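Hi everyone, and thanks for coming. I'd like to take you on a short walk through something new today, so have a look at the screen with me.

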There are 4 protein chains.
Amino acid sequence: MLKNNQKTKYKQIIDAAVITIAENGYHQCQVSKIARQAGVADGTIYLYFKNKEDILISLFREKMQHFIQRLSEIIAGKNTATEKLLLLVENHFRILSENHALAIVTQLELRQTNKELRLKINDILKGYLKLIDDILIEGIENGEFDAKLDIRLARQMIFGTIDETATSWVMTDHKFDLVSLAPKIHQLLIHGCGNN
Amino acid sequence: MLKNNQKTKYKQIIDAAVITIAENGYHQCQVSKIARQAGVADGTIYLYFKNKEDILISLFREKMQHFIQRLSEIIAGKNTATEKLLLLVENHFRILSENHALAIVTQLELRQTNKELRLKINDILKGYLKLIDDILIEGIENGEFDAKLDIRLARQMIFGTIDETATSWVMTDHKFDLVSLAPKIHQLLIHGCGNN
Amino acid sequence: MLKNNQKTKYKQIIDAAVITIAENGYHQCQVSKIARQAGVADGTIYLYFKNKEDILISLFREKMQHFIQRLSEIIAGKNTATEKLLLLVENHFRILSENHALAIVTQLELRQTNKELRLKINDILKGYLKLIDDILIEGIENGEFDAKLDIRLARQMIFGTIDETATSWVMTDHKFDLVSLAPKIHQLLIHGCGNN
Amino acid sequence: MLKNNQKTKYKQIIDAAVITIAENGYHQCQVSKIARQAGVADGTIYLYFKNKEDILISLFREKMQHFIQRLSEIIAGKNTATEKLLLLVENHFRILSENHALAIVTQLELRQTNKELRLKINDILKGYLKLIDDILIEGIENGEFDAKLDIRLARQMIFGTIDETATSWVMTDHKFDLVSLAPKIHQLLIHGCGNN
DNA sequence: TATGAATGAGTGTTCATTCAT
DNA sequence: TATGAATGAACACTCATTCAT
């Protein structure tokens, strides 16, 4: 019960942080603003998080867990790596489209941080990159993908392309429909620019 | 003579900023540190730049101009879009490899800024993206690239892949040789992951 | 209890400001000096005042309130405007004499401010000028004062004379006894220089 | 010729200072602004004035000299102290009315200075106060004024009243006609508020 | 657990003055 | 005389974090 209550307030603060950062930008998001949004006192924040940076890390970890969980479930049971890749791109975009505040925070605001924090974020990101790697390995093994594929580089292409497209979408204030770009992006990732 | 001297001090401050930001990180880089590194007084900075942000913008504009200039010259006169793309990737990586401090600043530190500044940076970046677009258009016109290519998405894939790889290289403290990855990246961009 | 405590710290800072400004002069009175004198941290100042200028405005408002309050009580119940005017001059001088630091601040330091702040100060001053006007009106109505008196000009004479005398006293480092000048000043204000 | 030229540039800078201070306010009036207004280089200022404060002192001395000179000439030859006092008030107001910029500078901006500078200004002011004293002495000697008049206090009343009225006029952006107030002010100074 | 008043370290920018030319 | 590029000291204010209650 107590633990449940803690969990509630912990998530409450994280959700308040997402909203506050999205609305004010990372550098205009003071701890006191998060506290006010969460409906708790400033000091209470420090009962659940070590410091401000810890809020960010926890926020990213928490959200990325759901992200990975959801994508994993969607991908699971599909037969081809090609199809899995399409679903990954499409649903990555879908999740961001469903939560603009979160999209702003992950694509823009969370990057306005120092290298140390970026390394921690990269660490959390590994779980997501593992999803891509698994698809790539499966594709190579069953002959869908090029046997000589450099997994790391292919993963960087896939993640870099998705990320660049998503950031571009956020920078233009979500002006266009992100999800509908998935098939074309997928086509590019599988076949490249070349006239094959 | 005077103009020359001014030009010199302007560049002197910009180069000092690159070094100081790379060494200290964006948020630990005080104007006074840049001044000391440049060998001028704090106040002198403000004879050449409107404010601290203006140093960053100017730095990025100045360096990106050379970047684009150099890549343009290398690409000019090549016959195929495919070859041009390879040279673009390779020399993009080469320029970063030649100047680790600049790589740190552009890949990491310059991004720790608010949206407003990011938009200004994006504006400057457009000159570079135009280079990519021109290659894509040429490739489509002479049949090297897929006629149905979405230029914007293809450009985002190319830039996203290069950028993600470069950032990854900087985040690992330039542990591997970036330039030698160019051919494989190029292969991925042209043919994708698929087993064509 | 809380309100009481707040009130205490608010006044504590104002009193520290009076002393610090009187000792150092307005332009040499840094916020940190006021904080040190008040025995609080610099940041605490900003829990009670919007900014440095707000300290000054508040200081003047707070002191002027007591000033007016005290003069009003002394004047109340006296029968003639002439007597009231004497008491006003005498007690104006008395209050300044009792608090040299405050006298320095109001006669000299508070005037070293820009027009905008001066207008705010003038606004607060209106309460005091009203006291003078009321005396003048009463004097006219009961025949003590000239029926054709221009209230505004008479008020400016009275206030100008008191103020000039007080400033002169402060500029000479309170060398002479201010209060004992009241009867002569009063005589001048009532009868003028002329040989009536 | 050279001396003439010097004189010219000296006055040129002083006049530029009056305009610049009146337009920008004392604290927004940088030496570089005065230099630009005067059409000289910043450094040139320091060939004619010791420092910024010296510009102010010199400005006040220069203008006050003309002020006193002009008032002296107007007063000279008049037969009664009463008439002289009227002419003094009237022409004091007239000179200020003729030069709004100068009025702003002397009534408002020049007072935003520290005690040290104020003492120097007071010193220059003595020449003007002497004019008043002479009128008072003459008035006492020829029986126009009260034989028991305290010269210092009477002078403070006269100057304080003129000054307060002039400042009030400047603070209201010269909304009313200052010169036409002279007779009433004069009446007040001679006869006071009383119903004589 | 929860509060919120108090803390105090940290920095971009201005501008009077100088001095080499 | 005249210039104007260069100097560098000086300061109000913010905000993450603490701790007495």
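I'll start with the two DNA strands, then turn to a pair of chains, and finish with some salt bridges. Please keep in mind that this is a predicted model.

Let's begin with DNA strand E. Which residues come closest to DNA strand E? They are A:T44, A:Y48, B:Q30, C:T44 and C:Y48, out of 28 residues that surround the strand. If you look at the strand's own atoms within 4 Å of the protein, sugar and phosphate account for 71% of them.

Here are some phosphate contacts you can find on your screen. A polar side-chain atom of B:Q30, one of those closest residues, sits 2.6 Å from a phosphate oxygen of DNA strand E. B:Y46 also uses a polar side-chain atom, at 2.8 Å from a phosphate oxygen of this strand. With D:V31 the backbone does the job: one of its backbone N or O atoms is 2.8 Å from a phosphate oxygen of DNA strand E.

Where does this surface come from in terms of helices? At least two residues each are supplied by α1 (2-24) and α3 (42-48) of chain A, by α3 (42-48) of chain B and by α3 (42-48) of chain C. By residue type, the surface near DNA strand E holds 13 nonpolar, ten polar and five charged residues.

Now over to DNA strand F. How many residues lie around DNA strand F? There are 31, and the nearest are B:T44, B:Y48, C:Q30, D:T44 and D:Y48. Within 4 Å of the protein, 70% of this strand's atoms belong to sugar or phosphate, and the rest belong to bases.

Again, let me point at a few contacts. A polar side-chain atom of A:Y46 is 3.0 Å from a phosphate oxygen of DNA strand F. For B:A41, a polar backbone atom is 3.0 Å from a phosphate oxygen of the strand. C:K52 likewise places a backbone N or O atom 3.0 Å from a phosphate oxygen of DNA strand F.

As for helices, α3 of chain A, α3 of chain B and α3 of chain C each give at least two residues to this surface, and so do α1 (2-24) and α3 (42-48) of chain D. Which helix has the largest share of the surface near DNA strand F? That is α3(B), with five residues. The residues of this surface divide into 13 nonpolar, twelve polar and six charged.

Let's leave the DNA and look at how chain B meets chain A. Here 47 residues of chain B are in contact with 47 residues of chain A. Together the two chains bury about 3900 Å², and 58% of that is on carbon and sulfur atoms. Counting residue pairs in polar contact, with both residues at pLDDT 80 or more, gives 20 between these chains. On the chain B side, α7 (115-141), α8 (151-171) and α9 (182-191) each supply at least two residues. The most comes from α8(B), with 15 residues. That side of chain B is made up of 19 nonpolar, 18 polar and ten charged residues.

That brings me to salt bridges. Over all chains the count comes to 50, and three salt bridges cross the interface of chain B and chain A. One salt bridge joins B:D150 to A:K184, with the closest N and O atoms 3.6 Å apart. B:D150 is in the loop between α7 and α8 of chain B, while A:K184 belongs to helix α9 (residues 182-191) of chain A. A:K184 counts as partly exposed, because its relative accessibility is 45%.

Another salt bridge stays inside chain B: B:D123 pairs with B:K126, with the closest N and O atoms 3.2 Å apart. Why are these two about one helical turn apart? Because they are three residues apart in helix α7 of chain B. B:D123 is partly exposed at 49% relative accessibility, whereas B:K126 counts as exposed at 52%.

My last example is in chain C, where the side chains of C:D146 and C:K148 meet in a salt bridge, 3.9 Å from N to O. Is C:D146 buried or exposed? C:D146 is buried, with a relative accessible area of 14%, while C:K148 is exposed, at 70%.

That's my tour. Thanks for listening!

Definitions and conventions
Residues numbered from 1 in each chain as written. Chains lettered and ligands numbered in written order. Heavy atoms only, no water. Near = heavy atom within 4 Å. Polar contact = N/O pair within 3.5 Å; in protein donor to acceptor, adjacent residues only side chain to side chain. Helix = DSSP H or I, 4+ residues; strand = E, 2+ residues; numbered from the N terminus. Nonpolar A, V, L, I, M, F, W, Y, C, P; charged D, E, K, R; others polar. Contact = heavy atoms within 4.5 Å. Buried area = accessible area lost by both parts, 1.4 Å probe. Salt bridge = Lys/Arg side-chain N within 4 Å of Asp/Glu carboxyl O. Buried < 20%, exposed > 50% of the residue type's maximum accessible area, 1.4 Å probe, protein only.
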